[in-house]
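Trainee: Could you walk me through this one before I start on my own notes?
Mentor: Gladly; have it open beside you and we will take it piece by piece.

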Amino acid sequence: MIAPKHILGTFDEALATLRSNVLMMAGLTERSLERAMKGLAARDDDLCANAIADDEEIDLLEKQIDKDGVDILLRFQPVASDLRRVVSAMKLSSNLERMADQATTIARRARKLNRHPALAEAELIRPMYDHAMAMFKDSVDAFAREDVDLGRAVVVRDQELDDLNRMASDKLVERMARDPDQLRGYLNLIFVGRCLERVGDHATNIAEDAVYAANAEDIRHQSLAAAT
Amino acid sequence: MENLVMETPERTVMERMEKGTAPPPEAETPAACTFEVKNLSIWYGEKRAIDNVTLDVASNAVTAIIGPSGCGKSTFLRALNRMHELTPRTRMEGTVLLHGEDLYSNTIDPAIVRRRVGMIFQKSNPFPTMTIGENVVIGLRLNGVRNQRFLNERLEKSLRMAALWDEVKDDLHKPGTSLSGGQQQRLCIARALAVEPEVVLMDEPCSALDPIATAKIEELIYELKSKYTIVTVTHNMQQAGRISDYTAFMYLGRLIEFGPTTKLFTNPTEKQTEDYITGRFG
């Protein structure tokens, strides 16, 4: 939803800059994750190095978004949907920064894997990557378009990612028992799977924040709310 | 405190909610209701200043009325103690109940209404020929109280409640106008409190004050609500957010939205409210 023009043009500009930086950060984080996973699949150390280098720019954007958000709160005291947008943008940047950290970890694990012969079991990670990235893209879309239905849909998909991670880990542990020479490699793949599972958790957080920004509804920890 | 005509029946916001005239309180426990305003319309000559407003004012809470200039918020406030009647060619419809009593009944004395429902104005208005002490107890004197000991006790109590005692206790004989703007406004609050009203109405009480004096008044409002029902008109939405429990948004004489302040300032129901509080119209 596009809000009508604010009486203070500077306020509209500040909100637009904040939003633009969040979307840029999301784009860089997506690129970093893609580079890390391509570095793993294609055994390309340069791509892994690029993914690690991306993290620095993403960290700077996180600081910039926090600074801009605090400035807006201080200078304009936003309320209602404006307040929710600012708070959500700041929370989004925190989640994106952690996602980028996962990309860095994946890239480092990939570089270790690339030093040894390729493992066919790397393909076990592929469905998790596809699922986590789809969740990530949809959660950012839900924020950008203020799409409450899409945000809700992302949240329920996290369970499937957890299940995929559990299945992949079980298979890799089984391989470790049968092929102890490749123990380090399997262990690195388990860690990559865990990173992707965390990416799904952050995508869930972003989707929840998107629903809050659009609808002022806190959909976090629904199982706890139902229990009480 | 004497009643105007009869014993006041217990009314609650929860009771009114069932009839759809009250906002849902944030707390589970029902808040008692001081004012019940029903279908209130007020005209100044041909001009309709208030258009069919219905709302309940919760007891021992701060209710803020916000809205652009000319929306009728000050008229609404004045209707709560019949001060709007001082303007010529005023006409009203609807009812205003104070603890269930009709303030506009023929048997009601407007002077007693204004004693029970005090008013603080935008600009502090201490009586210029009176000392600080005289300013505070003038209401009691005009009501026939002559007992000096009682007056002295009420003077100190009122000044303490207005958070002014420590600053003026040695200067009670000095003119009220010798005080700073913020102190004068607190003096006026002490004057209003001296007659022990049930409700304190405030019409932009901080708009002429600097930030420090404003903060002191806001702190005072917060403390006073444990004893009084407070209704305040403000142009400062951040102030409404800081000090009020309930907020009413008025526009063109109509009540657009009324509800708990947190709800209204985080997720207003009406688009007009959202556009106004976010600064997109008004």
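Trainee: Let's start with H7(B); is it mostly covered or not, and how many of its residues are buried?
Mentor: Mostly covered, since 13 of the 14 residues of H7(B) are buried, where buried is defined as 20 or more other C-beta atoms within 10 Å of a residue's own, exposed as 12 or fewer, and partly exposed as in between, with C-beta atoms placed from the backbone. Keep in mind that this is a predicted model, in which local features need pLDDT of at least 70 and side-chain atom pairs count only at pLDDT 80 or more, while totals for chains, interfaces and linings use all residues. Residues are numbered from 1 along each chain as its sequence is written, and chains are lettered from A and ligands numbered from 1 in the order in which they are written.

Trainee: And how far does that helix reach?
Mentor: Helix H7 of chain B, residues 181-194, reaches 20 Å from its first C-alpha to its last, close to the 20 Å expected at 1.5 Å a residue, the expected span being 1.5 Å times one less than the number of residues. Helices (H or I, at least four residues) and strands (E, at least two) are DSSP runs numbered from the N terminus.

Trainee: What follows H7(B)?
Mentor: B:Glu196, which has a positive phi near 50 degrees.

Trainee: Switching to strands, what is the order in the open sheet of chain B?
Mentor: The order is E2-E1-E4-E5, with antiparallel pairing among the 4 strands, and strands pair if DSSP finds at least two bridges between them. Strands E2 (47-58) and E5 (101-102) are at the edges with a single partner strand each, so one side of each has no neighbour in the sheet.

Trainee: How many bridges join E4(B) and E5(B)?
Mentor: Strand E4, residues 90-98, pairs with E5(B) over 2 bridges, and B:Leu97 has B:Asp102 in E5(B) as its bridge partner.

Trainee: Now chain A: where does A:Arg43 sit?
Mentor: In the loop between helix H1 (9-41) and helix H2 (45-76) of chain A, and A:Arg43 counts as partly exposed because it has 18 C-beta neighbours inside 10 Å. Leaving aside neighbours within four places in sequence, A:Arg43 is in contact (C-beta atoms, placed from the backbone, within 7 Å) with A:Asn114 and A:Ala118.

Trainee: Last one, how many residues are in contact between the chains?
Mentor: 14 residues of chain A are in contact with 13 of chain B, and helix H3 (residues 80-114) of chain A gives the most to chain A's side, with 4 residues.

Technical notes:
Contact = placed C-beta atoms within 7 Å.
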